[in-house]
Amino acid sequence: MTTQQVTSPFMRLFGRYLRDQGLPVTHQRQAVAEVVIGSDAHLSVDDIERELRVSGERIGKATIYRTLDLLVRSHLVEEHDFGEGFKRYEHRFSDHPVHEHLICLECGTVTEFESHELYGVENRVRAEHGFTPVRRRLEIYGLCKTCHDAGVELPVEGLTCPIETI
Ligand SMILES: [Zn+2]
Ligand SMILES: [Zn+2]
């Protein structure tokens with residue numbers, strides 16, 4: 001599948017959203033949207049700014065932030081906060097729109113995985129609590145294989161046993 005085939009329906013939807021909101025479909029908004037849809041990664045604003053610069057676009061961070069806000073509100077893009085002090089963005093047109101995330105605390109790599117077990121958890125929640133799940137989010141933090149194989153060791157989180165430290 002070429003990028004163009006993926007991009008155009010997304011851009012049409014984004015254009016429609018902007019027009020519905022009474023906002024102009026500007027070149028800058030389109031350029032930011034194309035970077036996000038053209039990537040399967042979980043992009044930070046810095047990543048997006050870098051991508052734009054590589055393709056010869058000079059678009060300020062404020063415009064990128066405002067465009068991302070519109071993309072999130074249009075539900076075409078999902079926003080993540082993995083506790084790094086900045087947000088990450090991914091489009092919702094991947095082959096696996098429902099997926100969970102593994103976040104490496106050492107290098108920040110984000111890996112996606114699918115968990116069929118979570119459907120079972122949702123069914124149990126429905127039965128036990130009469131609660132109807134709509135969406136969910138599972139993030140597992142730790143060490144990726146590359147960092148692990150490189151010998152990185154994570155500091156122990158939280159309190160250590162006081163008896164051991166005395
Ligand atoms: Zn890592
Ligand atoms: Zn993801």
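Is Glu90 buried or exposed? Select Glu90 and you'll find it buried, at a relative accessible area of 5%; buried here means under 20%, exposed over 50% and partly exposed in between, with a 1.4 Å probe and protein chains only.

Before going further, know that this is a predicted model, where local features need pLDDT of at least 70, side-chain atom pairs count only at pLDDT 80 or more, and totals for chains, interfaces and linings use all residues. Residues are numbered from 1 along each chain as its sequence is written, chains are lettered from A and ligands numbered from 1 in the order in which they are written, and side-chain values use heavy atoms, with hydrogens and water left out.

**Stop 1: the zinc ion (ligand 2)**

Stay with Glu90 and add the zinc ion (ligand 2). Its protein donors are His42 (NE2), two OE atoms of Glu90, His99 (NE2), His101 (NE2) and Glu112 (OE), 2.1 to 2.5 Å away. Donors are N, O and S atoms within 2.8 Å of the metal (3.2 Å for Na, K and Ca); water is not among the atoms, so sites may look incomplete. The 6 donor atoms subtend angles of 53 to 163°, so the arrangement counts as irregular. That word covers anything that is not tetrahedral (four donors, all angles between 85 and 135 degrees), square planar or octahedral (four or six donors, opposite ones over 155 degrees apart and all others between 65 and 115).

Now color strand S2 (residues 88-91), home of Glu90, and strand S4 (residues 110-113), home of Glu112: the pair ties together parts that are 22 residues apart in sequence. Helices (H or I, at least four residues) and strands (E, at least two) are DSSP runs, numbered from the N terminus. Glu112 itself is partly exposed, at 31% relative accessible area.

**Stop 2: the zinc ion (ligand 1)**

Next, pick the zinc ion (ligand 1). Cys104, Cys107, Cys144 and Cys147 coordinate it through their SG atoms at 2.3 Å. Here the 4 donor atoms subtend angles of 103 to 113°, which makes the arrangement tetrahedral. Along the chain, the spacing reads C-x2-C-x36-C-x2-C.

Click on Cys107, in the loop between strand S3 (100-104) and S4. Cys107 is partly exposed at 43% relative accessibility, while Cys144 and Cys147 are both buried.

**Stop 3: the nonpolar core**

Swing over to the largest nonpolar core, which has 23 residues; Phe10, Phe14 and Leu71 are among those with the most contacts inside it. Such a core is a set of buried Ala, Val, Leu, Ile, Met, Phe, Trp, Tyr and Cys residues joined through side-chain atoms within 4.5 Å. To see what feeds it, show helices H1 (3-20), H2 (27-37), H3 (45-54) and H4 (61-73), which each give two or more residues. H2 gives the most, with 6 residues.

**Stop 4: the empty spaces**

Finally, select Glu78, Arg92, Arg135, Arg136 and Arg137, which lie nearest the centre of the largest pocket, out of 21 lining residues. About 530 Å³ of space lies in this pocket, and S1 supplies the largest share of its lining, 4 residues.

Which residues line the largest cavity? Select Glu78, Glu90, His91, Arg92, Ser94, Pro97 and His99. The volume of this cavity is about 50 Å³.

On a 1 Å grid over the protein atoms alone, a cavity is a set of points where a 1.4 Å probe fits but cannot get out, and a pocket is an open set with protein on both sides within 12 Å along at least five of seven lines; lining residues have an atom within 4 Å of a point. Points are joined across faces, edges and corners, and a volume is the space filled by probe spheres set on them.
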